[in-house]
Amino acid sequence: YSWNDLFPWYEQNSYTKPKKVITLFPAVDIETLWERDTEFYGIKSRDTEYIWGTPQEYPERYERVNTIILADKNAPETLIIHGWSDTLIPSDTVLALNKKLTQLWVSNTLKIIPVAQHGYTYFTGSFVFQISRGIMKEFLNN
């Protein structure tokens, strides 16, 4: 959502803005994940390798990757797929992105898969992956 801000050296016409975005179990708000210290099979949301520090040390870095802040009325049509059983990325943070995009009048679709846990796409033969695949195919074909 922040291509122009992150890569200002690109000229406006040197890239194509995406028409659609698909996000699976998105880490929408890294600061909230830090505060909650969520976990999924030993993966901790406080792993600072992504930001290289805490929200108190680098508030600007956390703000820079917060999708809720970056989303604006010019965001592309967005499909959000999330597993309700995700223990690493709490569902309420994903619901907040859906709400923000809706308030901005950005076309977006939220699909919740009740039994899906974080990282379910690693198991391409699984039932929940096949559900996601069908949802993505329909989204891209419309």
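Six helices and five strands make up the chain, here taken from a predicted model. Walking along the sequence, the elements come in the order α-β-α-β-β-α-α-β-α-β-α. Of the 142 residues in the chain, 38% are buried. The surface that is left open adds up to about 9100 Å², with carbon and sulfur atoms supplying 54% of it. As for how the chain folds back on itself, take the contacts between residues at least 6 apart in sequence: 69% of them join residues at least 24 apart.

The nonpolar interior comes next. The largest nonpolar core holds 16 residues, and Ile 30, Tyr 62, Ile 80, Ile 89, Leu 97 and Leu 101 are the ones with the most contacts inside it. Helices H2 and H5 each put at least two residues into this core. There is also a second, separate core, this one of 10 residues, with Ile 113, Val 128, Met 136 and Phe 139 among them. Phe 139 turns up again in a charge–ring arrangement: Lys 20 sits over the face of its ring, 4.6 Å from the ring centre. Arg 61 does likewise with Tyr 58, lying over the face of that ring at 3.7 Å from the centre.

Ring-to-ring pairing is a short story, with a count of one aromatic pair. The partners are Phe 25 and Tyr 120, whose ring centres are 5.6 Å apart; their planes meet at 70°, which is over the 60 degrees needed, so the pair is edge-to-face. In sequence terms the two residues are 95 apart, and the pair links distant parts of the chain. Phe 25 belongs to the loop between strand S1 (20–24) and helix H2 (30–36), while Tyr 120 belongs to the loop between strand S5 (108–113) and helix H6 (127–141). Both ends of the pair are tucked away: Phe 25 is buried at 13% relative accessible area, and Tyr 120 is buried at 4%.

The salt-bridge tally is also one. Here the side chains of Asp 92 and Arg 36 come together, with an N to O distance of 2.6 Å. Like the aromatic pair, this one links distant parts of the chain: Asp 92 is in helix H5 (residues 91–103) and Arg 36 is in H2, 56 residues apart. H2 and H5 are thus joined by a salt bridge as well as each supplying at least two residues of the largest core. The bridging residues themselves are not buried, as Asp 92 is partly exposed with a relative accessible area of 40% and Arg 36 is partly exposed at 41%.

Finally, a look at the backbone. Most residues other than glycine have a negative phi. Asp 37 goes the other way, with a positive phi of about 55°. Asp 37 is found in the loop between H2 and strand S2 (39–40), where a relative accessibility of 28% makes this residue partly exposed. Trp 105 also has a positive phi, of about 65°, without being a glycine. This tryptophan lies in the loop between H5 and S5. How much of Trp 105 is open, and does that count as buried or exposed? The relative accessibility of Trp 105 is 80%, well past the 50% cut-off, so this residue counts as exposed.

Conventions:
Residues are numbered from 1 along each chain as its sequence is written. Side-chain values use heavy atoms; hydrogens and water are left out. Rings of Phe, Tyr and Trp (its six-membered ring) pair if their centres lie within 6.5 Å; planes under 30 degrees apart count as stacked, over 60 as edge-to-face and the rest as tilted. Helices (H or I, at least four residues) and strands (E, at least two) are DSSP runs, numbered from the N terminus. Buried means under 20% relative accessible area, exposed over 50%, partly exposed in between (1.4 Å probe, protein chains only). A charge sits over a ring if NZ of Lys or CZ of Arg is within 6 Å of the ring centre and within 35 degrees of the ring normal. A salt bridge is a side-chain nitrogen of Lys or Arg within 4 Å of a carboxyl oxygen of Asp or Glu. Contact means heavy atoms within 4.5 Å. Accessible areas come from the Shrake-Rupley method with a 1.4 Å probe; for residues, only the protein chains shown count as cover. A nonpolar core is a set of buried Ala, Val, Leu, Ile, Met, Phe, Trp, Tyr and Cys residues joined through side-chain atoms within 4.5 Å.
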